Amino acid sequence: MTNLHRSIGAAAVIPLAAVALALIFPNQQAFLAQIAITALVVLSLDLVVGFAGLATLGHAAMYGAGAYGAALYALHVWAEPLTGLIVGGLAGATIAFLSALMLMRAHGLTFLMMTVAITQILYEIVNKSRAVTGGDDGLYGIVMQPLLGVFEFDFYGRLAFWYAAVVLWLVFLLLRHIVASPFGLTARAVRDDGDRVATLGGNIFGHRVALYTLSGAIAGLAGALSAQTVQVVGLHSLSVTFSADILVMLVMGGAGRLWGGLLGALVFMMIHHYAAEIDPVRWMLFVGAILVVIVLFLPKGLFGGLEALVNRLRGRAPA
Amino acid sequence: MSALLETRSLSKSFGGLNVTNNVDLAISSGDRVALIGPNGAGKTTLVNLMSGALPVSSGEVLIGGDTVTHMSQQDRAHRGLIRTFQITRLFESMTVADILCVAAVQKHKAGLKLRWGRARTDLVERDVERVLRDIKMQDRRDSPVTLLAYGEQRLVELGVALVMQPRVLLLDEPAAGVPQSESHIIMDAIERLPSDLGVVFIEHDMDLVFRFAERIVVLVNGGVFATGTPDEIAANDDVRAIYLGEADE
Ligand SMILES: Nc1ncnc2c1ncn2[C@@H]1O[C@H](COP(=O)(O)OP(=O)(O)OP(=O)(O)O)[C@@H](O)[C@H]1O
Ligand SMILES: [Mg+2]
């Protein structure tokens with residue numbers, strides 16, 4: 001298979017998966033939209049965790065900023081979806097950029113604690129600014145105009161799903177391109193040994209800030225999609241709990257490969273959905289158990305395990 | 001003309017331990033200087049001070065006549081000062097070509113670029129291919145670096161510096177850990193360096209030192225103990241007593 005074939009094949013995975021999911025779960029499109037949006041935010045987290053090698057519990061700050069930004073924009077300025085999406089992306093990027101100026105000189109545990117602190121501060125600010133943000137009631141009553149002026153958001157979430165899936169797909173293609181670019185190569189080098197890159201003249205701080213801001217912009221897009229399709233924004237979107245959830249999804253799927261985040265989000269959301277239906281109280285135990293098994297037996301996550309399996313099968317029966 | 005690299009009364013102490021003592025050095029274009037001294041003499045520390053990896057305690061570092069004492073490693077690299085590490089530091093998730101490519105990307109200041117662009121690709125590829133030829137590792141191009149023998153990793157460490165085409169090159173024991181049978185590849189690559197480059201070369205193997213150096217600086221307890229041509233150093237009884245004698249044991 002040539003590289004071109006491989007890229008085209010890879011690019012087709014998300015559309016094909018979206019069609020398959022829509023056929024398998026025809027009555028659950030709102031849920032599928034949630035999966036796509038969650039996959040998008042996990043994808044953005046992979047830039048920080050997988051590609052920059054920084055463990056964070058503060059990714060919700062950017063997701064929440066995008067969600068509140070897009071919601072306020074829709075409620076008070078213009079309920080047009082695509083400009084709202086851009087507003088959400090900008091909100092996420094702004095929060096990421098400002099916090100990166102503080103965060104990106106820190107490492108390890110200090111970095112982790114600072115991501116938590118920033119998220120908590122933002123959470124409290126939004127909680128206390130009741131007049132603007134609705135406090136712990138959140139923002140609701142968000143009614144979007146038709147997408148592209150044509151497609152109405154329907155009650156079943158059909159449009160929501162396709163809208164989210166297309167954004168996810170485009171961002172994924174963009175990130176695949178970026179990962180292979182000089183920026184992406186440098187990101188891997190900085191993760192492996194940032195100081196060494198500095199000895200070659202690389203601007204490590206600038207690079208980290210740029211990567212974090214890009215990640216924040218994408219998280220902001222995901223937040224905006226959520227606000228526009230669920231039509232409600234709550235404090236949970238800004239919480240450390242949510243940050244931890246998406247980190248769990250990324251680790252489950254496998255960090256540093258983009259695919260892992262997608263797979264992790266899909267599997268986590270499915271388990272959540274069905275396990276919570278069976279046992280609404282103890283489903284988290286089940287997720288915890290699965291996570292332990294994955295961390296112990298599949299250090300590269302579900303995607304890494306899948307890949308190893310495929311390679312073994314190929315090795316045994318060469319095509 | 002000012003020296004490419006200069007130190008003025010450069011000193012460094014860790015707590016109460018003086019590791020660098022009033023070192024005055026000047027490296028000019030075309031210099032081939034060997035920095036020798038017993039283990040723990042402060043050779044690597046001196047390189048760290050010159051390259052900006054460590055802050056100085058006192059004294060000054062100048063590149064091309066400009067004071068860079070408080071500049072970052074990154075800025076010093078942009079001014080043409082590149083160093084290698086005594087213990088190989090390579091990006092462990094990468095192949096040989098990728099590692100050289102990282103260096104080439106930094107050299108062309110393209111680390112923030114989101115696309116290669118044709119000219120960049122050409123420049124970067126040319127650098128990578130040139131160096132792969134220099135270090136005779138074309139056949140290792142796509143090998144993950146962690147799978148290479150340590151001697152080969154030393155070659156890649158040198159290769160990274162060669163990609164950068166510096167004006168001053170500080171080589172911290174480039175041949176350490178390389179089997180005798182392969183050290184000539186390293187020495188050949190070093191001898192092929194552009195003649196206007198200033199090179200400082202730390203090495204314990206006296207054969208390599210005498211083959212390479214036009215000037216030798218002997219460092220003992222962090223201070224310059226003697227400096228001179230290889231013949232002068234070889235004839236210096238104090239140096240023999242303190243350093244060569246010890247190395248012969
Ligand atoms: N970061 C540090 N903190 C404390 N002491 C240090 C530090 N780095 C080096 N030293 C000490 O400084 C002295 C000089 O070390 P350095 O590595 O510069 O010697 P060297 O001449 O390169 O030796 P070798 O030939 O073994 O490489 C040693 O005594 C070492 O223990
Ligand atoms: Mg040393």
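# Exercises on a predicted model

With a relative accessibility of 42%, A:R130 counts as partly exposed, a label used between the cut-offs for buried (under 20% relative accessible area) and exposed (over 50%), with a 1.4 Å probe and protein chains only. The structure is a predicted model, in which local features need pLDDT of at least 70 and side-chain atom pairs count only at pLDDT 80 or more, while totals for chains, interfaces and linings use all residues. Residues are numbered from 1 along each chain as its sequence is written, chains are lettered from A and ligands numbered from 1 in the order in which they are written, and side-chain values use heavy atoms, with hydrogens and water left out.

## Salt bridges

**Task.** Find the salt bridge partner of A:D136, and decide whether A:D136 is buried or exposed.

**Solution.** Begin with the criterion: a salt bridge is a side-chain nitrogen of Lys or Arg within 4 Å of a carboxyl oxygen of Asp or Glu. A:D136 meets it with A:R130, where the closest N and O atoms are 2.5 Å apart. Next, consider the surface: A:D136 has a relative accessible area of 53% and is therefore exposed. Finally, widen the view, and A:R130, A:D136 and A:D137 turn out to be linked in a network of salt bridges. Over all chains, a search of the whole structure finds 20 salt bridges.

**Task.** Explain why the salt bridge between B:D98 and A:R188 joins two chains.

**Solution.** The first step is the distance, since the closest N and O atoms of B:D98 and A:R188 are 3.7 Å apart. The second step is the location: B:D98 belongs to helix α3 of chain B and A:R188 to helix α8 (residues 182–199) of chain A, so the pair joins two chains. Helices here are DSSP runs of H or I with at least four residues, strands are runs of E with at least two, and both are numbered from the N terminus. As a third step, look at the accessibility of B:D98, which at 24% counts as partly exposed.

**Task.** Describe the salt bridge of A:R191 and the accessibility of its two residues.

**Solution.** A:R191 pairs with A:D192, and their closest N and O atoms are 3.5 Å apart. A:R191 is partly exposed at 29%, and A:D192, at 23%, is also partly exposed.

## The surroundings of ligand 1

**Task.** State how many residues surround ligand 1, and which side chains have a polar atom beside one of its oxygen atoms.

**Solution.** A residue is near a molecule if one of its heavy atoms lies within 4 Å of it. There are 13 residues around ligand 1, the closest being B:G40, B:K43, B:T44, B:T45 and B:Q86. For the polar atoms, take each side chain in turn: B:T44 has one that lies 2.8 Å from an oxygen atom of ligand 1, B:Q86 has one at 2.8 Å, and B:H204 has one at 3.0 Å. The protein covers 60% of the 640 Å² of accessible area that ligand 1 has on its own, where accessible areas come from the Shrake-Rupley method with a 1.4 Å probe and, for residues, only the protein chains shown count as cover.

The last step is to ask where the shell comes from. Its largest share, three residues, is provided by helix α1 (residues 43–51) of chain B. By class, the shell has four nonpolar, seven polar and two charged residues.

## A buried threonine

**Task.** Locate B:T88 and work out which side chains make polar contacts with the side chain of B:T88.

**Solution.** B:T88 sits in the loop between β6 (81–83) and α3 (96–107) of chain B. With a relative accessible area of 15%, B:T88 is buried. A polar contact is a pair of N or O atoms within 3.5 Å; within protein, one must be able to donate a hydrogen and the other to accept it, and residues adjacent in sequence count only if both atoms are side-chain atoms. On this rule, the side chain of B:T88 makes one with the side chain of B:Y150 (3.2 Å) and one with the side chain of B:R154 (2.8 Å).

## A buried serine

**Task.** Decide whether B:S51 is buried or exposed, and find the backbone oxygen that lies 3.4 Å from a polar atom of its side chain.

**Solution.** B:S51 lies in helix α1 of chain B, and its relative accessible area of 5% makes this residue buried. The backbone oxygen in question belongs to B:N48.

Conventions
Ala, Val, Leu, Ile, Met, Phe, Trp, Tyr, Cys and Pro count as nonpolar, Asp, Glu, Lys and Arg as charged, and the others, Gly among them, as polar.
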